[in-house]
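Welcome, and please open your viewer. We will take a short walk around a protein, selecting a few residues at each stop.

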Amino acid sequence: MKIEQFTFGPFGTNTYVLADEEGKVLLIDPACFYEQERQLLYQTITRLHQPDQPLTIVATHGHLDHLWGAKWATETWHTPVLMHKADIPMAQAMQQQYDLFGVGLKAERFEIEEFRSQDSDFRFQIIHTPGHTQGSVCLYFPEERKLFSGDTLFRCGYGRTDLPGGNYGQLISSLEHLMTLPPETEVFPGHGESTTIGYERR
């Protein structure tokens with residue numbers, strides 16, 4: 001599995017493009033905000049994706065910085081963003097987040113669907129990790145020992161809980177659950193550098 005990582009947008013949000021040998025592509029958190037970021041992401045996916053293979057878009061949660069490029073991505077590849085049902089209302093009311101953070105733009109609606117508990121194409125597990133938001137999830141690839149943790153777990157840190165939908169007690173419980181994964185599991189967070197479960201246990 002190939003992993004391409006990008007840091008996009010005014011909040012420095014990580015976007016990941018995963019591709020297997022057959023040309024299936026998984027786009028995690030379409031955070032591209034600027035035109036040059038959208039073009040870079042388009043070129044990368046075009047290089048990795050085989051047109052006869054599926055392309056899936058997943059959001060780890062419904063915050064605006066992880067979805068800057070959602071409308072563009074859904075229209076470009078004619079597929080919805082998949083996310084946990086608890087965060088769909090938040091994503092559908094994106095203008096409220098724009099106003100909260102003082103983003104002087106009009107939010108655009110995009111196609112959203114609730115995702116399945118497991119995606120057989122990429123053999124990943126969806127781990128519900130509420131706390132940062134009620135619908136926060138991590139994507140875990142048990143065969144590859146890789147975890148895409150969104151804003152639940154960072155290197156030497158974790159996501160904030162003072163925004164609507166946040167809950168500190170839930171987040172601690174979610175982190176405790178993630179710490180039961182194998183220590184060699186590599187963690188790819190929504191912001192900052194990668195880490196491992198073993199490193200974060202210390």
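Which residues line the second largest pocket? Before you select them, keep in mind that this is a predicted model. Now pick His 63, Pro 89, Met 90, Ala 93, Gln 96, Gln 97, Leu 100, Phe 101, Leu 163 and Pro 164, which together make up that lining. The space they surround comes to about 160 Å³.

Next, colour this lining by class: you should find seven nonpolar residues, three polar ones and no charged ones. Then switch to a cartoon view. Helix H3 (88–92) and H4 each supply at least two of the lining residues, and H4 gives the most, with three.

Stay with Leu 100, which sits in helix H4 (residues 94–100). Is Leu 100 buried or exposed? Its relative accessibility is 54%, so it counts as exposed, the cut-off being over 50%. Add Phe 11 and Phe 101 to the selection: with Leu 100 they form a nonpolar patch on the surface, about 270 Å² of accessible area together.

Our last stop is the largest pocket, with a volume of about 260 Å³. Select Leu 67, Trp 68, Lys 71, Tyr 98 and Glu 108, which lie nearest its centre among the 17 lining residues. Helix H2 (70–77) and H4 are the elements that give two or more residues to this lining, and H2 has the largest share, three residues. Colour by class once more: here the lining has twelve nonpolar residues, one polar and four charged.

Technical notes: Residues are numbered from 1 along each chain as its sequence is written. This is a predicted model: local features need pLDDT of at least 70, side-chain atom pairs count only at pLDDT 80 or more; totals for chains, interfaces and linings use all residues. Side-chain values use heavy atoms; hydrogens and water are left out. Patches are made of residues with over 30% relative accessible area and no salt bridge: like charges are joined within 9 Å, nonpolar side chains (Val, Leu, Ile, Met, Phe, Trp, Tyr) within 5 Å. Accessible areas come from the Shrake-Rupley method with a 1.4 Å probe; for residues, only the protein chains shown count as cover. A salt bridge is a side-chain nitrogen of Lys or Arg within 4 Å of a carboxyl oxygen of Asp or Glu. Helices (H or I, at least four residues) and strands (E, at least two) are DSSP runs, numbered from the N terminus. Buried means under 20% relative accessible area, exposed over 50%, partly exposed in between (1.4 Å probe, protein chains only). On a 1 Å grid over the protein atoms alone, a cavity is a set of points where a 1.4 Å probe fits but cannot get out, and a pocket is an open set with protein on both sides within 12 Å along at least five of seven lines; lining residues have an atom within 4 Å of a point. Grid points are joined across faces, edges and corners, and a volume is the space filled by probe spheres set on the points. Ala, Val, Leu, Ile, Met, Phe, Trp, Tyr, Cys and Pro count as nonpolar, Asp, Glu, Lys and Arg as charged, and the others, Gly among them, as polar.
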